Amino acid sequence: MSVTCEKNDVEYVLLTEDQIKKRVEEMGRKLSEMYEDKCPIVAAVLKGGSVFFTDLVRSMDCLMFFDFISVSSYGNDVKSSGQIIMRKDFDNDIAGKDLIIVEDIVDSGLTLSYLKDFLYERKAKSVITVALLNKYNCHPKDLNPTMYGFDIEDNFVVGYGLDYAGYYRNLPYVGVLRPEVYS
Ligand code: IMP
């Protein structure tokens with residue numbers, strides 16, 4: 001299905017650029033303390049986690065390696081298809097390594113639970129998941145990310161890496177998309 005979006009399809013700004021910046025810096029400082037002597041692999045889940053990742057790692061001052069993985073379950077829809085496909089695997093061998101997985105948002109929690117199983121099968125030494133946003137009403141508590149920036153309600157949001165049908169990733173804030181766009 002081809003989708004066309006307009007620039008003014010954001011109904012309201014949920015998180016400003018400033019709010020996001022402050023929170024991401026706090027998270028970066030905390031992670032630096034936690035991983036001071038560990039040299040973790042910090043892996044962004046593409047494409048949604050890419051903007052958050054680049055700001056987060058620049059707020060961290062410990063040694064680290066970068067990696068990028070890609071999983072997909074949404075296509076052009078606003079609800080998960082329930083089927084996770086691994087589109088790009090790690091470049092690094094992750095056995096015995098400390099991993100920090102950086103995601104844009106945890107919604108149903110399916111992606112996160114798939115990734116955790118996958119990473120332990122690959123014998124990672126430790127895994128934590130860090131998400132900018134947590135849709136706390138949409139998954140059981142045990143699927144909350146280890147660390148997250150903001151709890152949000154069940155609205156479809158875009159910006160700061162998050163998209164609808166590929167649009168809006170470049171917005172510097174997080175906004176709620178007008179429901180008419182996807183209904
Ligand atoms: P989950 O598997 O349902 O937790 O969803 C994970 C992925 O779905 C996220 O990494 C996002 O790419 C996408 N997603 C979930 N909710 C939203 C949203 O509100 N806006 C944009 N993408 C979303």
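Student: Where is Ala165 found?

Tutor: Happy to start there, and keep in mind that this is a predicted model. Phi of Ala165 is near 50°, a positive value in a residue other than glycine. As for its place, Ala165 sits in the loop between β8 and β9.

Student: Which loop holds Tyr160, and is Tyr160 buried or exposed?

Tutor: Tyr160 also has a phi near 50°, positive although the residue is not glycine. Its place is the loop between β8 (157-158) and β9 (174-177). The relative accessible area of Tyr160 is 6%, and the cut-off for buried is under 20%. Tyr160 is therefore buried.

Student: Which residues are the closest to the centre of the second largest pocket?

Tutor: Let's start with the pocket itself, whose volume is about 230 Å³. Its lining has 14 residues. The closest to the centre are Ile20, Lys21, Asp55, Arg58 and Tyr160.

Student: Which element gives the largest share of the lining of the second largest pocket?

Tutor: Two helices, α1 (17-34) and α2 (50-58), each supply at least two residues of that lining. One of the elements contributes five residues, the largest share. That element is α1.

Student: How do the residues of this lining divide by class?

Tutor: A chemist will want the polarity here, so let's sort the lining of the second largest pocket. Two of its residues are polar. The others divide into six nonpolar and six charged.

Student: Now the ligand: which residues are the closest to it?

Tutor: The ligand is surrounded by 16 residues. By class, this shell has seven nonpolar, four polar and five charged residues. The closest to the ligand are Asp104, Asp107, Ser108, Thr111 and Val157.

Student: What distance separates an oxygen atom of the ligand from a polar side-chain atom of Thr111?

Tutor: Let's go through three contacts with ligand oxygen atoms. For Asp104, an N or O atom of the side chain is 2.6 Å from a ligand oxygen. With Asp107 the partner is a backbone N or O atom, at 2.8 Å from an oxygen atom of the ligand. For the polar side-chain atom of Thr111, the distance to a ligand oxygen is 2.5 Å.

Student: How much of the ligand's accessible area does the protein cover?

Tutor: The reference is the ligand on its own, which has 490 Å² of accessible area. The share of this area that the protein covers is 92%.

Student: Which element supplies the largest share of the shell around the ligand?

Tutor: There are two elements to weigh up: β5 (98-106) and α3 (110-121) each supply at least two residues of the shell. The largest share is four residues. These four come from β5.

Student: Which side chain makes a polar contact with the side chain of Asp98?

Tutor: Asp98 is found in strand β5. With a relative accessible area of 7%, Asp98 is buried. Its side chain makes a polar contact at 2.5 Å, and the partner is the side chain of Ser126.

Student: What is the omega of the peptide bond from Leu46 to Lys47?

Tutor: To place this bond, note that Lys47 lies in the loop between β2 (41-46) and α2. The peptide bond from Leu46 to Lys47 is cis. Its omega is near -10°.

Student: How far apart in space are Ile152 and Leu15?

Tutor: Ile152 lies in strand β7, residues 147-152. Ile152 is buried, because its relative accessible area of 5% is under the 20% cut-off. Along the sequence, Ile152 and Leu15 are 137 residues apart. In space, C-alpha to C-alpha, the separation is 9.9 Å.

Student: What distance separates the C-alpha atoms of Asn137 and Tyr12?

Tutor: Asn137 belongs to the loop between β6 (126-135) and β7. Its relative accessible area is 52%, over the 50% cut-off, so Asn137 counts as exposed. Asn137 and Tyr12 are 125 residues apart along the chain, and their C-alpha atoms are separated by 20 Å.

Student: And what is the C-alpha separation of Met34 and Cys62?

Tutor: Met34 has its place in helix α1. With a relative accessible area of 34%, Met34 is partly exposed. Met34 and Cys62 are 28 residues apart along the chain, and the separation of their C-alpha atoms is 9.4 Å.

Technical notes:
Residues are numbered from 1 along each chain as its sequence is written. This is a predicted model: local features need pLDDT of at least 70, side-chain atom pairs count only at pLDDT 80 or more; totals for chains, interfaces and linings use all residues. Side-chain values use heavy atoms; hydrogens and water are left out. A residue is near a molecule or strand if one of its heavy atoms lies within 4 Å of it. A polar contact is a pair of N or O atoms within 3.5 Å; within protein, one must be able to donate a hydrogen and the other to accept it, and residues adjacent in sequence count only if both atoms are side-chain atoms. Accessible areas come from the Shrake-Rupley method with a 1.4 Å probe; for residues, only the protein chains shown count as cover. Ala, Val, Leu, Ile, Met, Phe, Trp, Tyr, Cys and Pro count as nonpolar, Asp, Glu, Lys and Arg as charged, and the others, Gly among them, as polar. On a 1 Å grid over the protein atoms alone, a cavity is a set of points where a 1.4 Å probe fits but cannot get out, and a pocket is an open set with protein on both sides within 12 Å along at least five of seven lines; lining residues have an atom within 4 Å of a point. Grid points are joined across faces, edges and corners, and a volume is the space filled by probe spheres set on the points. Buried means under 20% relative accessible area, exposed over 50%, partly exposed in between (1.4 Å probe, protein chains only).
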